[in-house]
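Dear colleague,

I am passing on to you the structure below, together with a summary of what was found in it. Please keep it open beside the text as you read.

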Amino acid sequence: MRGPLQGNVASPAFRGRIGHRLVLTFVVFVMVVVGGTGWVLYSLTRRSLERQMSERLLAVAQLVAEGIDGDAVSRLQPGYEGGRLYKRLTNRLRRARDMVDARRIYVFDRQGRSLLDTQPDVPIGREYVRLRIDRAELDSVWAGKPAHSLRFQGEDGVEYKSGYAPIHAGEEVVGGVGIDIGAGFLDAIRAFGQSVLILGSISAVLTVAIGLGLARTLTRPIYRLVRVAQAIGRGNLDQPVARSSRDELGYLGETMEEMRRKILAREEQLRQMLSGVAHEICNPLGGIEIYAGLIADDLPDGDPRKVHIQKVIGEVKTLKRVISEFMDFARPAPPSPAPVGVAQLAEEVAFLLAPEMDGTEVRCVREIPEDLQAYVDADQFRRVFINLMMNGVQAMPEGGTLTIRACRARPGVKIAVADTGSGMSAEVMERLFEPFFTTREKGAGLGLAIVQKVVEENGGRVEVENEPGVGTVFRVVVPEYEGSKG
């Protein structure tokens, strides 16, 4: 399957993860702090309120027990429910119940049977089944000490706690009093828990907002540095690196700007040196070509020496073409965009390369609308056509079909140059646009590097599709002349 390779540097696949990790870390940290603190406060408050309720329950139970006549309680027997003593003691318990806001107060004997009860219709002698659960607490009561039970859920669905205290007749414990009080503090605890959840939710939202703002503050200058680094990687050294802050990122920007200036200065030195060397070589090559042509003209057509001289002339032309590429690479001129007919330009280049195509039996097919116009530098773009079409011809030494297609794209003009050669390996594809890289014996390896540079300077991009054994397609997307759309 073919896969496109763009001439520009691709964006990294991990873009954006720094900001995400920063926000996630910030949120997790705040939620752990807020959640942990809230849970600790919730647990401490719950235990504190429950301890206070237990202490109050014991105090109330003991106070009620001290107000009950133990001798009178010891005289209560089944059937006394209508007696004056029973009514008097029951009324006292009810007043105590209303004073302490209890659910129920009751008096029981050592067998856990009812003696007095604020709840109506509880006869003397009825067993309190619930007391079986609180045997440990009742053992404390029979030993003369108050005790309280664990929280339990009543028949009405409300949670209660029971407090127990001994009733004395002299030194003897003749009964126990039980008080059921609702655990009202649980409502406050639930409200507090809801407040903690609401606070946690608000904290999460604020943390995400603050984290996104902080991440954006951090990642924006990073993205700017990445874009500048990508431009430098593509060879665009004209864009200065602006210092965005006075922190480490600002220092990194200053370092990149210093690197850019040094690369620019070194590249300028290399270009001057390359231009000087090419110029010095061109002069003797021109002389060699002239004198070799004069010698060839003086020799008869059948003379084998004329064949050798013609080979010398051919090699000189090859050297001149290589030097021309060096000159184009060493002294790039800024583009002067203008309307350029794509079909006419492709026809001109095909005419220039006709001898090379005829010599290798390459058939050129052009599928370009006549009215299609690109907005580029005509001379520079002619060099793009020459390099791409020559590259396709050289990829088919045994012959084949070179197809040039063009159409309108969004946005711009898309031009494709396809050959039916053997394709390229993955190693060659990785270094395809690298200057001075070539797989041919004759060549400077600058053709595709110049193509990429010219296309990008004219506001376009280069893409490549390659399939070994089938062929290669170079696609160039450049701006379209607005007048050609009408």
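In this predicted model, the count of aromatic ring pairs comes to 6. One of them is formed by Phe-108 and Tyr-164, whose ring centres lie 6.1 Å apart with the planes at 85 degrees, and because planes over 60 degrees apart count as edge-to-face, the pair is given that name. This pair links distant parts of the chain, since Phe-108 belongs to strand S2 (residues 104–108) and Tyr-164 to strand S6 (residues 159–169), with the two positions 56 residues apart. Phe-108 is buried, with a relative accessible area of 0%, and Tyr-164 is likewise buried, also with a value of 0%.

Another pair, made by Phe-152 and Tyr-160, is tilted, with 6.2 Å from centre to centre and 35 degrees between the planes. Both Phe-152 and Tyr-160 are buried, and each of these rings has an arginine over its face: Arg-103 lies over Tyr-160, at 4.6 Å from the ring centre, while Arg-130 lies over Phe-152, at 3.6 Å from the ring centre. Ring pairs also join Tyr-106, Phe-108, Tyr-128, Trp-142 and Tyr-164 into a cluster.

Strand S2, which holds Phe-108, deserves a paragraph of its own. S2 is mostly covered, with 5 of its 5 residues buried. In a regular strand the side chains alternate between the two faces of the sheet. In S2, Arg-104, Tyr-106 and Phe-108 point one way, whereas Ile-105 and Val-107 point the other way. What does S2 pair with? S2 is joined to strand S7 (172–182) by 5 bridges, the two strands running antiparallel, and S2 also pairs with strand S3 (residues 114–117) in the antiparallel sense, over 3 bridges. Val-107 has a partner in each of these strands, being bridged to Val-177 in S7 and standing opposite Leu-116 in S3. S2 and S3 form a hairpin with 5 residues between them, and Gly-112 in the turn has a positive phi of about 75 degrees.

The next element to look at is helix H4 (residues 135–142), whose buried residues are Glu-137, Leu-138, Val-141 and Trp-142. Why do these residues count as lying on the same side of H4? They cover an arc of only 140 degrees around the axis, and this puts them on the same side of the helix. An α-helix has 3.6 residues a turn, so residues three or four places apart point the same way. The face of H4 turned away from the buried side carries the exposed residues Ala-136 and Asp-139, while the buried residues of H4 pack against S2, strand S4 (147–148), S6 and S7. Just after H4, Gly-144 takes a positive phi of about 95 degrees.

Within H4, Val-141 can serve as an example. Val-141 counts as buried, because its relative accessibility is 0% and the cut-off for a buried residue is under 20%. Leaving out residues up to four places away in sequence, Val-141 touches Tyr-164, Ala-165, Pro-166, Val-173 and Gly-176. The C-alpha atoms of Val-141 and Gly-176 are separated by 6.9 Å, although these residues are 35 apart along the chain.

I turn now to the nonpolar cores. In soluble globular proteins, nonpolar side chains tend to be buried together. In this model the largest nonpolar core has 44 residues, and those with the most contacts inside it are Val-342, Phe-381, Phe-385, Met-389, Leu-402 and Leu-432. Helix H10 (residues 378–394) gives the most to this core, with 7 residues. If neighbours within four places in sequence are left aside, Phe-381 is in contact with Leu-345, Val-376, Ile-415, Val-476 and Val-478. Apart from the largest core lies another, of 30 residues, including Leu-93, Ala-96, Ala-165 and Ile-181; Ala-165 was met above as one of the residues that Val-141 touches.

Finally, helix H12 (residues 447–457) is mostly covered, with 8 of its 11 residues buried. These buried residues are Gly-447, Leu-448, Ala-449, Ile-450, Val-451, Gln-452, Val-454 and Val-455. Just after H12, Gly-459 takes a positive phi of about 80 degrees.

With kind regards

Methods: Residues are numbered from 1 along each chain as its sequence is written. This is a predicted model: local features need pLDDT of at least 70, side-chain atom pairs count only at pLDDT 80 or more; totals for chains, interfaces and linings use all residues. Side-chain values use heavy atoms; hydrogens and water are left out. Rings of Phe, Tyr and Trp (its six-membered ring) pair if their centres lie within 6.5 Å; planes under 30 degrees apart count as stacked, over 60 as edge-to-face and the rest as tilted. Helices (H or I, at least four residues) and strands (E, at least two) are DSSP runs, numbered from the N terminus. Buried means under 20% relative accessible area, exposed over 50%, partly exposed in between (1.4 Å probe, protein chains only). A charge sits over a ring if NZ of Lys or CZ of Arg is within 6 Å of the ring centre and within 35 degrees of the ring normal. The arc is that of the directions from the helix axis to the C-beta atoms. Contact means heavy atoms within 4.5 Å. A nonpolar core is a set of buried Ala, Val, Leu, Ile, Met, Phe, Trp, Tyr and Cys residues joined through side-chain atoms within 4.5 Å. Two strands pair if DSSP finds at least two bridges between them.
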